[in-house]
Amino acid sequence: MSQVLEVSNLHKAFGGIKAVDGVSFSVKEGEILGIIGPNGCGKSTLFNCILGQLEPTEGAVKLDGRDITNMRPSALNRLGVSRTFQLLQVFPELSVRENLILAGQEHQGSMLSRLFGARDAGLTDKAEQMIGFFKLGHLADAKAGGLSYGQQKLLDAAMAFMAGPRLVLLDEPAGGVNLTMLGDLKERLRAINAEQGATFVVIEHNMDFVMSLCSRVIVLAEGKVLAEGTPAEVRANPAVIEAYLGH
Amino acid sequence: MAEFTAYLIAGIATGAIYALAAIGFTLVWQTSQTINFAQGEFVMLPAVLVLLAVKLFGAPLWLGALIGIFAFILIFGAGFKLVVVDPMIRHGVLPLAIATMALSIIMKEGAKDGFSAEAQNFPSFVPTSTIEVFGAAISLQHLTIIACAFAVIGALQWFVGGTRLGRQMQATAQNPTVARILGIPVERMVLLTFVINAALAVVASVLISPIYLAKFSNGEVIGLFAFIAAIVGGFNQVRGALVGGLVVGVIDSLAAAYISSSYRLAVPLVLLVVIILLKPEGLMGRKEERRV
Amino acid sequence: MSAPATTNDLSRPRGRALPGLIDGTLVTLLLGAAILWFAPVGMGRYGTYVLSLWLVMSIAVMGLNLTLGYAGLKSLAQAAFMGLGAYTTALLTTKLGVSWYAAFALSGLLTFAVGIVLGFPALRVKAHYLAFVTLAFSTLIWLILRNEQWLTGGVFGISNINRPDFFGIKLFGALEFHRFVVAVTLILAVAQWWLIRSPWGRAFTALRENPIRAASLGIDTRAYTLLAFAIGSAYAGFAGALYAPLVEFIDPSPFSLSQSFFLLLMVVAGGAGYLLGPFVGALLGVVLPEWLRFAGSLYLIIFASIVLLLLIACPQGVSGLLERGWTKLTGRRGGTR
Amino acid sequence: MKSKLAIAAMLAAGLALPASAQDKIKLVDVIELSGAGATAGTNFKNGADLAVADINAKGGILGKQVEIVHYDSQTNPGNTRAAVQRGIDEGAYAILGPVFSGPIAASMQISQRAETAQIVAGEAAGFTKQGNPYIFRTSLSQAAAMPKIAKYLKDTVKAGSVAVVWVNNDFGKGGRDAILPELEKAGIKVAVDVATEQGQADFAADAIKVKNSNADAVFVYLNEEESARFLRAAKQQGITKPMIGETTLLGAKVLELAGDAANGVRGHVGLSTDAPIPALQEFGKRYREKYGFASDHNGIKGYMAVHMVKWATEKQKKIDRKGLADTLRGATIKASEEPGILMDTVIEQNGDLDRESFLAEVIDGKQVINTTLPRIKP
């Protein structure tokens, strides 16, 4: 299997503080990679550096062998990289359907066709499909801001899949979601992984969620990779127990 | 050379005025991340209120000054914060910035209709005599303004860095959420900033008005130049106001001397654009990280 | 650390409940145009003139509404763009004898292009730098209009600007020209209505509400922001192209920085992010002073106080108030926060 | 949204005009009450109000009371046009104002089309040259005043070179464009030509520039506050050359604001409440009593404008709008016939005025008139 994402020797410093300190890893096609670590270990900063949200101090990021370091987030998305955010990021004033259409529209046609063409950019069917898939059917016309937290979280995830991405980076998808919905979410992610062959990188606090979803896990501590392996290997690693699981 | 010195000194004197007015921009920016488009009017109004108090109550000047200054700090320091900023800040910074535009019209037109459409003399607390510096004339009034601008910035830096209250205020400015967790009375700190801003406006007004005269429309010019000064110096640093003010003052003076005088006003504006292109955070400003 | 979402709450997009080609807004626009077509009959020249002036200002405010209300950008140069349009049209028609229609198109094109050139470097840095750059631009344009007397007539302005023909019909009279203004305004309003409900409009809303999330969904925030600003500026150019023949005289004063501020206040007063908001805002800014003539110069204080109170009580402006009232009245509730 | 319908209804109601009272003579004063011209406009408005009060106290014009309404032009051409149109639609007998030439240029066709006299306070040379028979001045135009200044500079001041300081608006630019050819004709060199901004607060650099030019005299053509600020800056920079001005520079407001710095200022004065004419002084006194500050020349213009209407109406013995303009055109109004005109005034065919003017000097903070200049065409 080929490498979808390669991160090599990534550094990010804020003033004197090294938030990410020489992280390297790679993600194979179709893999679900989990990244865990205690609060402030640099997980989110790492994501933001990969995704062009922050400028890395040093290091390189490659997508399918192509250098994407410092590429703008919107350009990156159009290459098939999608993401969610740690905090909820839906557009509260748009309906669920509009949110989904928005998430896919930039992958349809040209700027001009988006101005003069169909209002839904031909995405209504796809959006309905996604709404059904994430079990939001009864809420299609409701404003996203009025949904429950868990529903918004599902919508947030659904938006990340609208454009049929190659690589999806999920930042704490399980945070604040109740148990029933958590099961739903996991199941949906697995299904997409299996059906579309999409590759995932998941940052998560919820250990059970990560351990049961991911095929491989990386543990970060103080901006460095502490351990790497299957969930079982990581669970057994004494350094990890010391740094993180021990708490 | 003597000619150049004369322009330079005149520019520094003017620049100190802009600096004094620009400090408020940086203060309000730091606490509420908004631009106070009424800053020029904040500097215009205290002098007008003082004269109004003298006129209305027939009070002697010192009493009029007390009434006017007190009323101003109450209304435009505390009142501004409580009535305008507080209910609006939860809607984001854009409405607040626009609200200050509305406020500037109210202050300006209020001063015109409530006081006078004409310029008025404002008494100087400093002798109006001039002295020679390097062969150039400079008035004691201007020297006082320069001294005050430095003193105010120095005092603010000391206050923010060297006192408990000041550090609390700075913590609030940098991160209100964390400040609140640390037990800092955030609301009171923000209020304090606005009161300081109003008090500084009073200082600027009392020093500037004897030279510029008290007139309702003065805020437009002072506000524009102070705004340019704040951007050039760096919006997120109090000392940026001083540097920006002096730079803009000197450049303006030299532009009047050596560039077509009908395009004099264009020179500071071009400087502003160049700064934005080359060093957007301003000469003294801190670079702000892109946030996620 | 502030929340990642830009908490710009100035505006809420209108409910998008009606999916078809025709919606309430469009019907209102058409109906309004029909009313305004006949309204001035028996109103006298003054009333007609004020109505025309209102519509012309509405076009400029409509443009700024796109920039501010939909894309969340502060432009302090809308009046300057209007001046560019007005002077372009006045100079082309009076000095070169170009037809008004060509001049109108060129005014829009020029202001669009200048918007791109101006917005590009500013938006490269940060959205609020656009306010700084447009402030400088606004004053620079004003200086050029005033100083370059050989071209612009300087402080003495350009007088005797002709009104256009419409297929041979002369539009010299107040009523004829008013109807022409109504038609042009309707076309521009419908164009904006189309724009707002296209995917572009959705993207504008997205980048106002949360630019970072929008970018992560592939929305080229820089391009859309720039386009919103440039199109908004082009509307000011169009407004200027109508303003010149309406007043038949232009000088630099109506295109100064303070007028740009005034236009911003009109956007907010009417309701930023509402398609019909600009008409209400311009009504407050242009027609209200005429009603308040008895109050002398106090009307400015009254206008500014209205804006301030609206911002404190209902940042969505008059349109927001009306919508709130409508919601209360009908008991219907959208899924608002 | 139903609001649009409601708005249209409101519009129709709000913009419909009140029936004008036929028993009164209605004057509409379109004047700068806000914006850049607010100071001048306020003076003009006060002067006009004072005149109306005086006239009504004495029984009005032809037995009818005079009603005056003031519409703010906002110093904006578009709004001025609206206001003048409104005045015309309301059946104004005459339009008074505005002061600034931009607003005048934008609105004068309206009163021309309605064949209604518009009596303005502008001094710029241009607008009486367009062949509009309904426009009238209330003061000398710059084209009339500037030759007098040039002559004064040459004969009395004996200046070989002059620094010209002017404000870059229609007033200042017009004056500057009018005086430069006159200076050239008089053989006076322009040592430095300094443009300043309206509302400019700081004149230090300009004063240094003037000082360095080593001109024999300085001609200052600025609005009131700016004049005062410049005089103070000039004094600070130690400029000792004679300061020469036209009307504004020697105005009461400038003297009040400039204090010591105004002493020694000399020049030509078109209208002044300090002129050696009792009627003008009396007007100045009453104006100050009523409004609490001294009137500048615009206050006098407002007072005169209303009295021009009174004189012409009584002359034609009827209330005839078109006739008013016809009567005013080419008329000579003597103060002995109409005391309210304050000074003998000749109105030319194009609306320009000709009348006596003064040479004055500021001594101890007071304007002292030392010469009365005759009319241009005696």
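## The sheet of chain A

In this predicted model, four strands of chain A form an open sheet, and their order is β2-β1-β4-β5. The pairing between them is antiparallel. At the edges lie β2 (17–28) and β5 (66–67) of chain A, each of which pairs on one side only. As general background, strands of a sheet pair through backbone hydrogen bonds, either parallel or antiparallel.

The pairing of β1 with β2 can be followed in detail. Strand β1 (residues 3–14) of chain A is joined to β2(A) by nine bridges, and the two strands run antiparallel. For V7(A), the bridge partner in β2(A) is F25(A).

## Helix α4 of chain D

Helix α4 of chain D covers residues 101–113, which makes 13 residues. At 1.5 Å a residue, the helix should span 18 Å; its end C-alpha atoms are 19 Å apart, so the expected span and the model agree. The helix nevertheless has a bend of about 35 degrees at S107(D).

How many of the 13 residues of α4(D) are buried? Ten of them are, and the helix is thus described as mostly covered. The buried residues include S107(D), the site of the bend, together with G102(D), P103(D), I104(D) and M108(D). After the helix comes E115(D), whose phi is positive, near 55 degrees.

## The contact between chains C and D

Chains C and D touch through 40 residues of chain C and 36 residues of chain D. On the side of chain C that touches chain D, at least two residues each are supplied by α1 (24–38), α2 (44–70), α10 (221–247), β4 (249–250) and α12 (277–291) of chain C. Which element of chain C gives the most to this side? It is α2(C), with eight residues.

The same side of chain C can also be described by residue class: 23 residues are nonpolar, eleven are polar and six are charged.

## Confidence in the model

The model as a whole scores ipTM 0.89 and pTM 0.90. For chain C, the mean pLDDT is 86, and 90% of the residues reach 70 or more. Among the elements of this chain, helix α3 (residues 78–95) has the highest mean pLDDT, 97, whereas strand β3 (residues 169–170) has the lowest, 82.

Two stretches of chain C have a pLDDT below 50. One is residues 1–19, a stretch with 48 contacts in the model beyond near neighbours in sequence. Another is residues 333–337, with twelve such contacts.

Note on methods: Residues are numbered from 1 along each chain as its sequence is written. Chains are lettered from A and ligands numbered from 1 in the order in which they are written. This is a predicted model: local features need pLDDT of at least 70, side-chain atom pairs count only at pLDDT 80 or more; totals for chains, interfaces and linings use all residues. Two residues are in contact if their C-beta atoms, placed from the backbone, lie within 7 Å. Ala, Val, Leu, Ile, Met, Phe, Trp, Tyr, Cys and Pro count as nonpolar, Asp, Glu, Lys and Arg as charged, and the others, Gly among them, as polar. The expected span of a helix is 1.5 Å times one less than its number of residues. The bend at a residue is the angle between axes fitted to the seven residues ending there and the seven starting there. A residue is buried if 20 or more other C-beta atoms lie within 10 Å of its own, exposed if 12 or fewer, and partly exposed in between; C-beta atoms are placed from the backbone. Two strands pair if DSSP finds at least two bridges between them. pLDDT is the predictor's confidence in each residue, from 0 to 100.
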